[in-house]
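Hi there,

Here is the structure I promised to pass on to you. Have a look at it first, and then read on for my notes on what turned up.

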Amino acid sequence: MEKKLYTILIYSENVVGILNLVTAVFTRNQVNIESLNVSPSGIPNVHKYTVTVITDEAQAKKLVKQIERKVDVIKANFYVEDDIFVSEVALFKLSTSIVMSTPDISRLVRHSGAKVLEVNETYTTLQICVKPDAVTELYKKLAKYKCVLQYTRSGVVAITRDKVERVSEFLKEQENQQFDFLEEGINSEEC
Amino acid sequence: MMESLKAQGIKTIFGYPGGSIMPVYDALFDYTRGEKKAFDHILVRHEQGAIHAAQGFARVSGEVGTVIVTSGPGVANTLTGLADAMIDSTPVVVIAGQVGVGVLGTDAFQELDLMTVAQPICKWVYQIRRPEDIPWAVSKAYYLAKSGRPGPVVLDFPKNAQTSKCDYVPETVNFVRSYIPSPRPKQEKLQKAAELINNAKRPLALVGQGVELAGAHEELKTFLEKANIPAGRTMLGLSALASNHPLNMGMLGMHGNYAPNIKQQEADVVIAIGMRFSDRVTGNLATYLKQAKVIHLDIDHAEINKNVQTDVAIVADCKESLPMLTALINEADHSEWIESFKPLRDKEQEKVVNKALHPTEGPLLMGEVANAVAEATKGMGVTVTDVGQNQLFSTRYSKYNTPRSIITSGGLGTMGFGLPAAIGATFGEKNRPVFAFMGDGGLQMTIQELGTIMEYHCPVKMVLMNNNFLGNVRQWQNMFFQKRYAFTHMLNPNYEEICSAYKIPYLKVKDRKDLPAAVEKALKTDGPFFLETIIMEEDDVMPMTAPGASVNDMMLEKEAN
């Protein structure tokens, strides 16, 4: 089966130790995590993980099932490039003296859409928010000038192109079921 | 904690005290006597004994097994059992002491990072850091352990939360929003499955422990009988369908019966019910069930397409899905297909079973010992096994005519499981005899539990099949390692003297003519009994599918090296 980049989106309760549980699934299946981003989601007390991996479809399916099986995981799904919008933030710390003496660097930075955050006599910091491949490309180009002092990336974040918000729908459904369950309980007690 | 456990209806606790769990034990002291009495506490001799006893208790009774141990080494000793319970879907709750929250992460005395260690081998792990959380955490622990696909849960209980005061406010957890214990079966999947079954010429059901866990024995029988579908059972599913049921074709797996193993490769529709296609059942996946349409009924979505690609998956509790499927299938007659199992069964009978059960000369064999017990109990006893040849022979030749009659370590293959699991089983099932079949290797891994048997007079009928070898490893060395017996021969102690020290009635049998009377004596003796059988040293469990081989190539007799 063909190996390619899959983006796995996971939603979990915000509880201690859950990150360990999620990453252990990748370890157990010998799948290397390319990038991992965890942050609060738009739903209170729910955290969202964006994990990218290079694997095949069968393995991706297996991974999401094994992750979703964890009690505190709400939903896990995998996506390929066309299913999602992706973006990544990267920060670059460049040597100001090299930047000043190399006009090509300034041109490169302008064309990349990077934003200059700070300039002083020692360093110049840049921020870029683009697709992951564009971050890599910019880094490679800058590195050629030997001007990069530090470089860091946020890890990929993604939102789906789905017309349905699966997690919100799921939680709504679950909460309705709880309500039904409580109702049934009351009725049976009355009987 | 005591009130929260009481609210769960817990009656039996297996445990071992220690520094970080002393406040709990101090409270337990009151709750095990006098007017507050709510529990019986069984003091085991090692924490591994506690968890296996809880597993045995849970497997035989269908209730959750409860364990209380201390921090660090105490709970570390339960990890084998937790992994075992996870892979075999056994509901247990372990409450473990922990150092106080204030010293967590300081390498305090008997501190263990339990959450990190236990998480991958448990269904849920939670650290109770405040006493106010106890009722909620305990209720959630028991709810998760027993609902859906059952499994082990650990409550890590720091000492400060044990000693801080708060009012007891009962809480009941029966809903967790991120967790769907039993998905509803989907009608379109049921229709599709029924269509396949109705058009099948050679259907075969593969029955696993899921049926037992769901208590769906009757539902299974009705389903099989309506469409006249023969069934093979996995090792853990042996008592899901009675041994004497006409549609029972025998045990699946590496050392199961020849007919169901071979015939599954001829079936046109396979209906897997509450089983997980373990490698011990499938053999080489590249050649397994390639000719068949596969319908998989399982409560755990993660089992679908994990090992075997499924044509129709019905993810639900089979107690619910089986009757719905039964309603959609037609009555059918597959007697010709069922009849076709017979020549293979006869072949196994002639080449394997007769030799294993009715030898006329030579030393005793494990098969005839298990058979003698099965005849004496008429298949109504509880078979507990250790791991190895003792397990394979006793699971093959025991009879299972009552639900929840097989307790064995299937997935993890834990030597040392048998004796403590049998102790637990005697607390979970008081009306049926509990037999523990063990080899000399496995017995000695948890032999200290003879002390527990002595103290509580547990009516475990211990059957030691002593061949002075780690028999199964020796068999593999013989078959696959040019007979190089690397450290599998064992010098054994005098078990009669050991039993005498523990005041346990003991009998040794060497001659087969003495076997029936000895088993009868074990059955008639009130309380524990230790029957040591002196077994042929180098016997092999057959039939066998060699590791990695196709089930098509199951061997009835050992091939020459």
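A surface patch, as I use the term here, is made of residues with over 30% relative accessible area and no salt bridge, and nonpolar side chains are joined into one when they lie within 5 Å. Please keep in mind that this is a predicted model.

**A nonpolar patch on chain A**

With that definition in hand, which residues make a nonpolar surface patch? They are A:Leu19, A:Leu36 and A:Val38, and the patch covers about 200 Å². A:Val38 belongs to strand S2 of chain A, which runs over residues 33–40. Its relative accessible area is 35%, so A:Val38 is partly exposed. That value also clears the bar of over 30% that patch membership asks for.

**Salt bridges**

Over all chains, the structure holds 35 salt bridges. As general background, side chains of opposite charge can pair when their charged atoms come close. Here are a few that you may like to look up.

In chain A, A:Arg153 pairs with A:Glu88, and their closest N and O atoms are 2.8 Å apart. A:Arg153 sits in strand S8 (residues 148–153) of chain A and A:Glu88 in strand S5 (residues 84–95) of chain A, so this salt bridge ties together parts that are 65 residues apart in sequence. Are the two partners buried or exposed? A:Arg153 is partly exposed, at 31% relative accessibility, while A:Glu88 is buried, with a relative accessible area of 3%.

In chain B, a salt bridge joins the side chains of B:Arg45 and B:Glu455, at 2.7 Å from N to O. B:Arg45 is in the loop between strand S2 (40–43) and helix H3 (47–61) of chain B, and B:Glu455 is in helix H21 (residues 450–456) of chain B, so the pair ties together parts that are 410 residues apart in sequence. B:Arg45 counts as partly exposed at 26% relative accessibility, and B:Glu455 counts as partly exposed at 44%.

Another pair in chain B is B:Asp540 with B:Arg474, where the closest N and O atoms are 2.9 Å apart. B:Asp540 lies in the segment after strand S18 (529–534) of chain B and B:Arg474 in helix H22 (residues 471–480) of chain B, so parts 66 residues apart in sequence are tied together. Both B:Asp540 and B:Arg474 are buried.

There is also a network: salt bridges with shared partners join A:Arg69, B:Arg149, B:Asp300, B:Glu303 and B:Lys306.

**Helices of chain B**

Two packed helices are described by the angle between their axes and the distance between the axes. For helix H11 (residues 217–227) and helix H14 (residues 318–328) of chain B, the angle is about 20° and the axes are 9 Å apart. Angles under 35 degrees count as roughly parallel, and H11(B) and H14(B) are therefore roughly parallel to each other. Their crossing is left-handed.

How many residues of helix H19 of chain B are buried? Ten of the eleven are, so to speak, under cover, and the helix (residues 418–428) is mostly covered. Among the buried residues of H19(B) are B:Leu419, B:Ile423 and B:Phe427.

After H19 comes B:Pro433, in the loop between H19 and strand S15 (434–439) of chain B. B:Pro433 counts as partly exposed, at 24% relative accessibility. From B:Pro433 to B:Trp337 the separation is 96 residues in sequence and 37 Å in space, C-alpha to C-alpha.

**Backbone points to check**

Where is there a cis peptide bond? One joins B:Met542 and B:Pro543, with omega about 0°. B:Pro543 is placed in the segment after S18 of chain B.

Two residues that are not glycine have a positive phi: B:Lys483, at about 60°, and B:Phe487, at about 55°. B:Lys483 lies in the loop between H22 and helix H23 (495–501) of chain B, and B:Phe487 is placed in the loop between H22 and H23 of chain B. B:Lys483 is partly exposed, with a relative accessible area of 48%, whereas B:Phe487 counts as exposed at 80% relative accessibility.

Happy browsing, and best wishes!

Notes:
Residues are numbered from 1 along each chain as its sequence is written. Chains are lettered from A and ligands numbered from 1 in the order in which they are written. This is a predicted model: local features need pLDDT of at least 70, side-chain atom pairs count only at pLDDT 80 or more; totals for chains, interfaces and linings use all residues. Side-chain values use heavy atoms; hydrogens and water are left out. Patches are made of residues with over 30% relative accessible area and no salt bridge: like charges are joined within 9 Å, nonpolar side chains (Val, Leu, Ile, Met, Phe, Trp, Tyr) within 5 Å. Accessible areas come from the Shrake-Rupley method with a 1.4 Å probe; for residues, only the protein chains shown count as cover. A salt bridge is a side-chain nitrogen of Lys or Arg within 4 Å of a carboxyl oxygen of Asp or Glu. Helices (H or I, at least four residues) and strands (E, at least two) are DSSP runs, numbered from the N terminus. Buried means under 20% relative accessible area, exposed over 50%, partly exposed in between (1.4 Å probe, protein chains only). Axes are lines fitted to C-alpha atoms, for helices over the stretch in contact, and angles run from 0 to 180 degrees between N-to-C directions. Angles under 35 degrees count as roughly parallel, over 145 as roughly antiparallel, 65 to 115 as roughly perpendicular and the rest as oblique. A crossing is left-handed if the near helix is turned anticlockwise from the far one by less than a right angle, and right-handed if clockwise.
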